[in-house]
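User: I'm new to this structure and would like a close look at a single part of it. Could you pick one helix and walk me through its surroundings?

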Amino acid sequence: MKKLLWLDDIRNPFVMSDWLLQWSPEYHYEKDNGTHEVIWVKDYYEFVDWIQENGLPTEIGFDHDLGEDIAIEMVSNGTNKKVARKIKKEAPSGFDCAKWVVDYCINHKKGIPQFFVQSANPVGKKNITTLLNNAIKHI
């Protein structure tokens, strides 16, 4: 079974199915015939834990800016916006996840999985794409 590990703190691939249609249409429920699975993780720690427990997925969808969901929840629970922004800034990013994947692949003698970057952050998107494409060339 092909598995897509969807890393995104805000974009729910199951509710906002347009995201899957845009980035990885073969995983969309209307096109899937039981041979594809989507796993949604929202932060660096869930991402690392899932791969350590299950191995590399077939494909990874990266978001760069993670922690927005936590900041929104904190503010809605009465936390000062400045404090919430500081905590969000300190959260590991999708780029940190990509670096971790490169190290994992080197240490386990595996190839980099297929990937795409659905981030709205153009600099973060370029950084993740460049890192992973360079790793593919050199691993």
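Analyst: Here is a walk along helix H2, with a little about the whole protein to start.

Keep in mind that this is a predicted model. The protein has six helices and four strands, and along the sequence they run in the pattern β-α-β-α-β-α-α-α-β-α. Of its 139 residues, 41% are buried.

Now for H2 itself, which covers residues 44–54. Its buried residues are Tyr44, Phe47, Val48, Trp50 and Ile51. Looking down the axis of H2, you'd find these buried residues within an arc of 160°, so they line one face of the helix. Over on the other side of H2, Tyr45, Gln52 and Glu53 are exposed.

What sits over the buried residues? The cover includes three strands, S1 (2–7), S2 (36–41) and S3 (59–62), along with helix H5.

The two ends of H2 are worth a look too. At the N-terminal end, Asp43 acts as a cap: one of its side-chain oxygens lies 3.0 Å from the backbone nitrogen of Tyr45. After H2 comes Gly55, which has a positive phi, near 85°.

Asp43 also leads us to another part of the chain. Ala91 is 48 residues away from Asp43 in sequence, yet their C-alpha atoms are 8.3 Å apart in space. You'll find Ala91 in the loop between helix H4 (81–90) and helix H5 (94–108). Ala91 counts as partly exposed because its relative accessibility is 24%, and buried would mean under 20%.

Terms used
Residues numbered from 1 in each chain as written. Predicted model: local features only at pLDDT ≥ 70, side-chain atom pairs only at ≥ 80, totals over all residues. Heavy atoms only, no water. Helix = DSSP H or I, 4+ residues; strand = E, 2+ residues; numbered from the N terminus. Buried < 20%, exposed > 50% of the residue type's maximum accessible area, 1.4 Å probe, protein only. Arc of directions from axis to C-beta. Contact = heavy atoms within 4.5 Å. Polar contact = N/O pair within 3.5 Å; in protein donor to acceptor, adjacent residues only side chain to side chain.
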